[in-house]
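Dear colleague,

I am passing on the structure we spoke about, together with some notes on what turned up in it. Please look through the entry below before reading on.

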Amino acid sequence: MKILFVCLGNICRSPLAEGVMKKMCADRNLDWEIDSAGLIGYHKGELPDPRMMTTAERHGYKLTHRSRPIVSEDFTKFDLIIGMSAYINDRILRDTPHSMADRRKVRNIAEYFVNTKDYDEVPDPYCGTMRDFELAVRLIEDACVGILDAVTHQ
C-alpha cells in the first residue's frame with residue numbers, strides 16, 4: 001500500500017499524518033510506503049513547523065519529512081491520496097491532471113475517522129494555539145486507525 005497525505009503547505013497536518021501512519025505501520029509490521037505533500041511549494045525543503053514537531057514528539061512521533069508540493073506523478077505512484085479537508089481535495093482534483101481512476105484515489109481524511117463525529121476535516125493549526133496542534137494529533141491518530149482498518153479489511 002502506498003499512501004500520500006496532503007495539506008496546504010506540507011509543514012503541519014500532512015507531515016504529522018505521515019509520521020503517525022509510519023509509526024502505526026511499523027508497529028504492525030506493515031511495509032507500506034507513506035509520504036506527504038502540499039498544495040503549494042512555498043515551504044519546499046523545510047522541516048515541519050517547530051510547533052508541530054514538538055507536539056508530535058510529545059506523542060511519540062518523530063517528524064523528519066521535508067516539505068514538497070504534490071506533483072502529477074503522485075497519482076501514478078500512490079494508491080490513496082488523502083487530503084486534510086474537502087478544500088484540499090477540491091484543489092487536488094482541480095489543479096492536477098488525472099484520469100477517472102485517479103479521482104477515486106483522492107479521499108478526505110474525515111472518511112476514516114473512527115471515534116470523531118464533530119469534525120469533517122483536520123483543521124489547519126498553523127495560525128492557532130498549541131491546543132490546535134494537539135487537536136490535529138488526536139484527529140489524525142483517529143483517522144490513521146480508520147485507514148488501517150479500512151485497507152487491511154478489504
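**Strand pairing around E3**

In E4, the bridge partner of isoleucine 82 is arginine 107. Please keep in mind throughout that this is a predicted model. The pairing of E3 with strand E4 (residues 106–108) is parallel and runs over 3 bridges, and strand E1 (residues 2–7) also pairs with E3 in the parallel sense, over 4 bridges. Within that second pairing, leucine 4 has isoleucine 81 in E3 as its bridge partner. In a regular strand, side chains alternate between the two faces of the sheet. For strand E3 (residues 80–83) both faces are covered, with Leu80 and Ile82 buried on one side and Ile81 and Gly83 buried on the other.

**Loops**

Asparagine 10, in the loop between E1 and helix H1 (13–27), has a phi near 65 degrees, which is a positive value in a residue other than glycine. Asparagine 29, in the loop between H1 and strand E2 (33–38), likewise has a positive phi, near 55 degrees. As to their surroundings, asparagine 10 counts as buried because its relative accessibility is 1%, whereas asparagine 29, at 71%, counts as exposed. Aspartate 31 is found in the loop between H1 and E2 as well, and with a relative accessibility of 76% this aspartate also counts as exposed. Between the C-alpha atoms of aspartate 31 and cysteine 7, which are 24 residues apart along the chain, the separation is 24 Å.

**Charged contacts**

Side chains of opposite charge can pair when their charged atoms come close. The structure holds 9 salt bridges, and several of them deserve a closer look.

Lysine 23 forms a salt bridge with aspartate 27, with the closest N and O atoms 3.1 Å apart; because the two are 4 residues apart in helix H1, about one helical turn separates them. Lysine 23 counts as partly exposed at 34% relative accessibility, while aspartate 27 counts as exposed at 52%.

Arginine 58 and glutamate 134 meet through their side chains in a salt bridge of 2.9 Å, N to O. This pair links distant parts of the chain, since arginine 58 belongs to helix H2 (residues 50–58) and glutamate 134 to helix H6, 76 residues apart. Glutamate 134 counts as partly exposed, at 26% relative accessibility. In addition, a network of salt bridges links Asp35, Arg68 and Asp74.

Arginine 51 takes part in two contacts that may be read together: its side chain meets that of aspartate 49 in a salt bridge (2.8 Å, N to O), and its charged end sits over the ring of tyrosine 126, 5.4 Å from the centre of that ring. Aspartate 49 is buried, with a relative accessible area of 8%, but arginine 51 is partly exposed at 28%. Tyrosine 126, for its part, is found in the loop between E4 and helix H6 (130–152) and is partly exposed, with a relative accessible area of 37%. Tyrosine 126 and arginine 13 are 113 residues apart in sequence, yet their C-alpha atoms are 8.9 Å apart in space.

**Aromatic residues and the surface**

The structure holds 0 aromatic pairs. On the surface, Leu8, Ile40, Tyr42 and Tyr87 make a nonpolar patch of about 420 Å². Tyrosine 87 of that patch is found in helix H4 (residues 86–95) and counts as partly exposed because its relative accessibility is 48%.

With best regards

Definitions and conventions:
Residues numbered from 1 in each chain as written. Predicted model: local features only at pLDDT ≥ 70, side-chain atom pairs only at ≥ 80, totals over all residues. Heavy atoms only, no water. Patch = residues over 30% accessible without salt bridge, like charges linked within 9 Å, V, L, I, M, F, W, Y side chains within 5 Å. Areas by Shrake-Rupley, 256 points an atom, 1.4 Å probe, with all protein chains shown as cover. Salt bridge = Lys/Arg side-chain N within 4 Å of Asp/Glu carboxyl O. Buried < 20%, exposed > 50% of the residue type's maximum accessible area, 1.4 Å probe, protein only. Phe/Tyr/Trp six-rings, centres within 6.5 Å; stacked < 30°, edge-to-face > 60°. Lys NZ or Arg CZ within 6 Å of the ring centre and 35° of its normal. Pairing = 2+ DSSP bridges.
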